[in-house]
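Trainee: I would like a close look at one helix of this model, its packing and its charged contacts. Please take it slowly and keep the parts connected.

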Amino acid sequence: MEHQKPKAGKFALNYGLILGLVMISIAVIMYVTGLALEGVQWPNYLYYIIFPVVIFYAIGQYKKANANVLSLGDAIKVGLAIAVVSALVYVIYGFIFNYVIDPEFMAQALEVAKR
């Protein structure tokens with residue numbers, strides 16, 4: 001039986017959604033605790049750690065599903081697609097947050113930045 005190559009889109013969608021939800025979780029925690037208006041940046045550093053971990057893990061899972069064969073092109077395709085999907089998820093959340101949940105947040109943030 002011949003091995004069928006897995007689709008990169010499936011991995012990108014699954015892990016991109018996970019990464020997008022992590023980004024949203026960090027943003028919500030910062031908003032709820034008030035850290036966003038204080039200008040605290042350390043929660044964002046968590047994302048900088050989690051981002052490559054998720055990307056590398058997903059590429060590893062793609063390799064495992066592809067009979068431990070991975071080309072550079074496939075690795076880049078999977079990693080870039082995950083980043084794009086997670087960015088789209090976060091952008092959608094950003095629009096919902098800024099126009100529905102708390103439309104005054106940007107004005108508050110600008111006011112705090114002026115001080």
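Mentor: What follows is an account of helix α4, its partners, its salt bridges and the loop that leads into it.

The model is predicted, and features are described here with that in mind. Helix α4 covers residues 72-101, and it packs against helix α1, residues 8-33. The two axes are 7 Å apart and make an angle of about 40°. The pair is therefore oblique. The crossing of α1 and α4 is right-handed. Where these two helices touch, the contact residues comprise 21 nonpolar, three polar and one charged.

One residue of α4 shows this contact in detail. Valine 85 belongs to helix α4. Its relative accessible area is 18%, and because the limit for buried is under 20%, valine 85 counts as buried. Setting aside neighbours within four places in sequence, valine 85 is in contact with Ala12, Leu13, Gly16 and Leu17. Those four partners can be read against the range of α1, which is residues 8-33. Valine 28 also carries a number inside that range, but the C-alpha atoms of valine 85 and valine 28 are 19 Å apart in space, with their positions 57 residues apart in sequence.

Helix α1 has a further packing partner, which gives a useful comparison. Helix α3 spans residues 42-65, and its axis comes within 10 Å of the axis of α1. Here the crossing angle is roughly 165°. An angle over 145 degrees counts as roughly antiparallel, so α1 and α3 are described as roughly antiparallel to each other. The crossing of α1 and α3 is right-handed. Its contact residues divide into 19 nonpolar and two polar, with no charged residue.

Now to the charged contacts of α4. A search of the whole structure gives two salt bridges. As a general point, side chains of opposite charge can pair when their charged atoms come close. In one of the bridges the side chains of lysine 5 and aspartate 74 meet, with an N to O distance of 2.9 Å. Lysine 5 sits in the segment before α1 and aspartate 74 in helix α4, so this pair ties together parts that are 69 residues apart in sequence.

The other bridge joins the side chains of lysine 77 and aspartate 74, at 3.8 Å from N to O. Lysine 77 and aspartate 74 are both in helix α4, and because they are three residues apart, about one helical turn separates them. Together, Lys5, Asp74 and Lys77 form a network of salt bridges.

The accessibilities of two members of this network can be set side by side. Aspartate 74 has 6% relative accessibility and therefore counts as buried. Lysine 77 has a relative accessible area of 46%, so it is classed as partly exposed. Not counting residues up to four places away in sequence, aspartate 74 touches Lys5, Tyr62 and Asn66. Lys5 is thus a contact of aspartate 74 as well as its salt-bridge partner, and Tyr62 carries a number within the range of α3.

That leads to the loop between α3 and α4. Leucine 70 is found in this loop. At a relative accessible area of 32%, leucine 70 is partly exposed. Beyond its neighbours within four places in sequence, leucine 70 is in contact with Ile59, Tyr62, Lys63 and Ala75. Tyr62 therefore appears in the contacts of leucine 70 and also in those of aspartate 74, while Ala75 carries a number within the range of α4. The C-alpha atoms of leucine 70 and alanine 8 are separated by 11 Å, the two residues being 62 residues apart along the chain.

Two other residues of the loop deserve a check of their backbone. As background, most residues other than glycine have a negative phi. Alanine 67, in the loop between α3 and α4, has a positive phi of about 60° although it is not a glycine. Asparagine 68 lies in that loop too, and its phi is also positive, at about 55°, again without being a glycine. Alanine 67 is partly exposed, at 47% relative accessibility. Asparagine 68, at 56%, counts as exposed.

Notes:
Residues numbered from 1 in each chain as written. Predicted model: local features only at pLDDT ≥ 70, side-chain atom pairs only at ≥ 80, totals over all residues. Heavy atoms only, no water. Axes fitted to C-alpha atoms, helices over the stretch in contact; angles between N-to-C directions. Helix = DSSP H or I, 4+ residues; strand = E, 2+ residues; numbered from the N terminus. Parallel < 35°, antiparallel > 145°, perpendicular 65-115°, else oblique. Left-handed = near helix turned anticlockwise from the far one by under 90°. Nonpolar A, V, L, I, M, F, W, Y, C, P; charged D, E, K, R; others polar. Buried < 20%, exposed > 50% of the residue type's maximum accessible area, 1.4 Å probe, protein only. Contact = heavy atoms within 4.5 Å. Salt bridge = Lys/Arg side-chain N within 4 Å of Asp/Glu carboxyl O.
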